[in-house]
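Trainee: I'd like a close look at one pocket and the parts of the chain that build its wall. Please take it slowly and tie the pieces together for me.

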Amino acid sequence: MIHYQGTQAGDEIIRCFGKRKYFVKSKTMRNEKTEMAVEIYCRQNDMEFMEKIRDIGGVEDVTLIQYNGEYHG
């Protein structure tokens with residue numbers, strides 16, 4: 001989950017994923033702020049892209065959630 005402001009920040013976020021397999025699951029825009037939920041496939045020790053995303057101007061926060069299957073609630 002990534003919260004950011006500005007279209008340029010959104011483009012830079014996508015570039016940070018590099019060659020990793022990813023899917024944009026949802027994108028919610030509220031005024032100038034955007035919340036983007038992305039499913040990305042990565043190894044446990046391959047988290048450097050998160051630091052790159054966090055350093056982008058306009059990015060407020062980055063949350064990584066591990067998902068291993070279906071959740072029933």
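Mentor: A bit of vocabulary first: helices and strands here are DSSP runs, at least four residues of H or I for a helix and at least two of E for a strand, numbered from the N terminus. Keep in mind, too, that this is a predicted model. The protein averages a pLDDT of 88, and 90% of the residues score at least 70. Confidence is highest in β1, at 97, and lowest in helix α2 (residues 48-54), at a mean of 90.

Now to the second largest pocket, which holds about 150 Å³ of space. Click through its lining and you'll hit Y4, G6, T7, G10, D11, I14, V24, K27, M29, E32, T34 and M36. Three elements each put at least two residues into that wall: α1 (7-16), β2 (22-30) and β3 (33-40). The largest share is four residues, and it comes from α1. By chemistry the lining is a mix: five residues are nonpolar, four are polar and three are charged.

The two strands on that list belong together. β2 and β3 run antiparallel and are joined by eight bridges. One of the pairings ties straight back to our pocket: K27 has M36 of β3 as its bridge partner, and K27 and M36 both sit in the lining.

Follow β2 to its end and you come to the turn. β2 and β3 make a hairpin with two residues between them. E32 is part of the pocket lining, while N31 is the turn residue with the odd backbone. Its phi is near 55°, positive even though N31 isn't a glycine. Most residues other than glycine have a negative phi, which is the reason to give that angle a second look. As for surroundings, N31 lies in the loop between β2 and β3. N31 counts as exposed because its relative accessibility is 77%, and the bar for exposed is over 50%.

Next, the Y4 side of the pocket. Y4 is part of strand β1 (residues 2-5), where the side chains alternate: I2 and Y4 point to one face and are buried, while H3 and Q5 point to the other and are not. The pocket takes Y4 into its lining, so to speak from the buried face of β1.

β1 has two strand partners. With β3 it runs antiparallel over four bridges, and there H3 is matched with E35. With strand β4 (residues 59-62) the pairing is antiparallel too, over three bridges. Here Y4 stands opposite V59, which links our pocket residue to β4.

While you're at β4, have a look at E60, which is found in that strand. E60 counts as partly exposed because its relative accessible area is 40%. Its C-alpha is 23 Å from that of Q44, although the two are 16 residues apart along the chain. T63 comes in the segment after β4. T63 is partly exposed as well, given a relative accessibility of 39%. T63 and H3 are 60 residues apart in sequence, yet their C-alpha atoms are 8.9 Å apart in space.

Back at β3, go past its end and you meet Y41, in the loop between β3 and α2. Y41 is partly exposed because its relative accessibility is 42%. From C-alpha to C-alpha, Y41 is 5.6 Å from K21, with their positions 20 residues apart in sequence.

A bench person will also want to know about the cysteines. A search of the whole structure finds zero disulfides. C16 is in none, and the nearest cysteine sulfur, in C42, is 13 Å away. That 13 Å is too far for a bond, so C42 has no partner in C16; the cut-off for a disulfide is sulfur atoms within 2.5 Å. The two cysteines also differ in setting. C16 counts as buried because its relative accessibility is 16%, whereas C42 is partly exposed because its relative accessible area is 29%.

To come back to where we started: the pocket wall draws on α1, β2 and β3, with α1 giving the largest share. Behind it are the antiparallel pairings of β2 with β3, β1 with β3 and β1 with β4.

Conventions. Residues numbered from 1 in each chain as written. Predicted model: local features only at pLDDT ≥ 70, side-chain atom pairs only at ≥ 80, totals over all residues. Heavy atoms only, no water. 1 Å grid on protein atoms, 1.4 Å probe; cavity = no way out; pocket = protein on both sides within 12 Å on 5 of 7 lines; lining within 4 Å. Points joined across faces, edges and corners; volume = space filled by probe spheres on them. Nonpolar A, V, L, I, M, F, W, Y, C, P; charged D, E, K, R; others polar. Buried < 20%, exposed > 50% of the residue type's maximum accessible area, 1.4 Å probe, protein only. Pairing = 2+ DSSP bridges. pLDDT = per-residue confidence, 0-100.
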